[in-house]
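Please open the model in your viewer and keep the sequence panel beside it, since each stop on this tour begins with a selection.

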Amino acid sequence: MKTAIDTQLPQFQNDIADVVRLFYGEGAAVTPQEPHDASLVHTHRLDGSQWCEAFTLTVGDERLSMDMRADAVTDAGLEEKRQLKRLVKRCCYQLLKRYTGRTPAWGSLTGIRPTRLYYQQLERGKSRGEARTALHELFDLSEEKLDLLDEIITAQSGWVHRPQSACDLYVGIPFCTTRCAYCSFSSGEIGDGRLVEPYLAALMHEIDLCSELAQETGLQIRVGYVGGGTPSSLTTAQLDRLLTHIERRFGPLDEFTVEAGRPDTLDEEKLSMLRAHPVTRISINPQTMNDETLRAIGRAHTAQQTIDTYYLARKLGFDDINMDVIAALPGEDLDMFARTLRIVGELAPDSLTVHTLAIKRSSRLHEQGYTQSERDVAQMVQMGREAAHALGMRAYYLYRQKYMAENLENVGYARPDRICRYNIDNMEETTSVLALGAGGISKCVMRQEEKILRAPNIANIEQYIVRVDEMVARKREAFAVKARSLNGGEKA
Ligand code: SF4
C-alpha cells in the first residue's frame, strides 16, 4: 500500500508517516506527487483556545474522516510542539485503526524508548495503576505491552537514578569478520587488518585523554562496555593490549562487559585471556541455532560452534554470559525459532536478548529488496519471552527501532543477579556515558536541566584515526558544561 500524505503541518510529516507504517508497513509514500493507492489529507486550525485536527483517508471510492480537538498549549516552546505532535499522531492513528480494524500492540507509540513515558507518569506522582491507565488512554497501549513495561520498571528499580557523578565507559571496536545481512552498524569488515593497528593507537590515545578528563571533572567510572562491531575480531594480543590499557587508565570496574559476539572469533586462548582480565560479563550470540539461516545471513559460524564456545567459556569460569537471538530472520518459521529457543534454553545463559528483525536502510537485506512479510512475529517474540521466563529471567530493558517486523521491540532479559547496568543506562539515558572509538556517542546527562549534551565521535574509521583529538575536545566541551552547571562549577 502506497499512501500519499498531505499535511498543513509539514514539520510533522515524518511523524504521520510513522503512524501510517504502524498499519501499512514500509510501503508508505510520503509525497503527494507519487502514484499511490491511498491518500491522507490532514488539516489543522486553531479555534479559540483549541487545536482542531482533521484527517481524511481516501482509498479508491472509499473516504473516511476523523476529527480531534484539544486545549491548545501556546508556550511557543518544546511543550507546545510535543503536545501538538501527540494530538496529530493520535488523530491519524484513530482514523487508521477504524479503517483497518487493527490495533497495533504498541498502540500509536512509534518512539524508541517507551519506558520513558511510564517514568514520566510516575514522576507526575501517579501510582503504577494510574500510570498504566494513562498510557492506555493516551497511546492505546495493549495490556500485554503494559505488563512488559511494568516488568522492566520493577527490574530497574534501584538502578536508574545513580549519582550525578556516575558515568559509564563505552569503548567501540568497529570491526567484524564478515558483515551480517541485516547489519546497519558503521562497522567495517576487518579484511586484511590494515586499519586495526592505527585504529588501536588512536583509541588508546583517546583512552588516555578521557581518563584525564574523567579525573578533572570528577566522573566516577565503575561500569564499562566494550562493544562494536565485534571486539573479539581483534587478535588475542590486540585485545589483551586494549583491555590492559583500559584497566591501567580506569582501574578495575564493578561491571565490565566485552562483547564476544561471534563464536567464529573465539578460541580457548582468547577466552582465557579475557578471563585473566577483570571482565565480568561476555556475550556469545547465536542469533539463530539453524545453520541454513546462519549461512543465508552471512554469519561465518555454525550453531554447533556457538554451543561449543559457550561450554568452553563456562569451563573457563565465565559466570555471566549473555546470548542474543533474533525473531523473524529470513526464512525462519515458528518451528525454527522454537528450535533456537529450545537449544538456548538447554544452555541456560545468564541473560537473553530477544531481538525482532529490523530491515534498516543501510543493510544488505534492504539493498537486496528484502521486505518483511506478515508472519508469526508477535508469536515468536512471545515465545522468546516465555523462554526467558522459564530460565528465571525478567525483562530489564527494551528499545524499539524503525523498520522492525510488526513494529515490535528488542527486549533484554536477565536473571535478577545478572542485570547489566550499562544496558539500562544506555536505554534510559539517566547516567552519563563517555563513548570512545569510531561512532561512539558520548552523553552528558544533566538531570536538573533535563537535558542531555551529546558528543558524537565520527563513524568513519580513517577519519576517526586522524581526528581523534577533535573527538576528545567535543567531550571536554560537553562535560565542562555539566561541571559548571553543578553548584556553580563544582565537579560533575
Ligand atoms: S556481528 Fe553485529 S556488528 Fe558485526 S556485522 Fe554482524 S550485526 Fe553487524
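For the first stop, count Ala, Val, Leu, Ile, Met, Phe, Trp, Tyr, Cys and Pro as nonpolar, Asp, Glu, Lys and Arg as charged, and the others, Gly among them, as polar. What does the shell around the ligand contain by class? In this predicted model, that shell has four nonpolar, five polar and two charged residues. Select the ligand together with Cys176, Arg179, Cys180, Cys183 and Phe185, which are the closest of the eleven residues that surround the ligand.

The next stops concern the backbone, where most residues other than glycine have a negative phi, and most peptide bonds are trans. Select Gly228 and Gly229, and look at the peptide bond that joins them, which is cis, with an omega of about 15°. Gly229 belongs to the loop that runs between β8 (220-228) and α7 (236-250).

Move then to Asp140, in the loop between α4 (128-139) and α5 (143-156), where phi is near 65°, a positive value in a residue other than glycine. Asp140 counts as partly exposed because 18 other C-beta atoms lie within 10 Å, a count that falls between the limits of 12 or fewer for exposed and 20 or more for buried.

Finish at Glu450, which is placed in the loop between β16 (441-446) and β17 (451-456). Although Glu450 is not a glycine, its phi is positive, at about 55°. Is Glu450 buried or exposed? With 7 other C-beta atoms within 10 Å, Glu450 is exposed.

How values were computed. Residues numbered from 1 in each chain as written. Predicted model: local features only at pLDDT ≥ 70, side-chain atom pairs only at ≥ 80, totals over all residues. Helix = DSSP H or I, 4+ residues; strand = E, 2+ residues; numbered from the N terminus. Near = placed C-beta within 6 Å.
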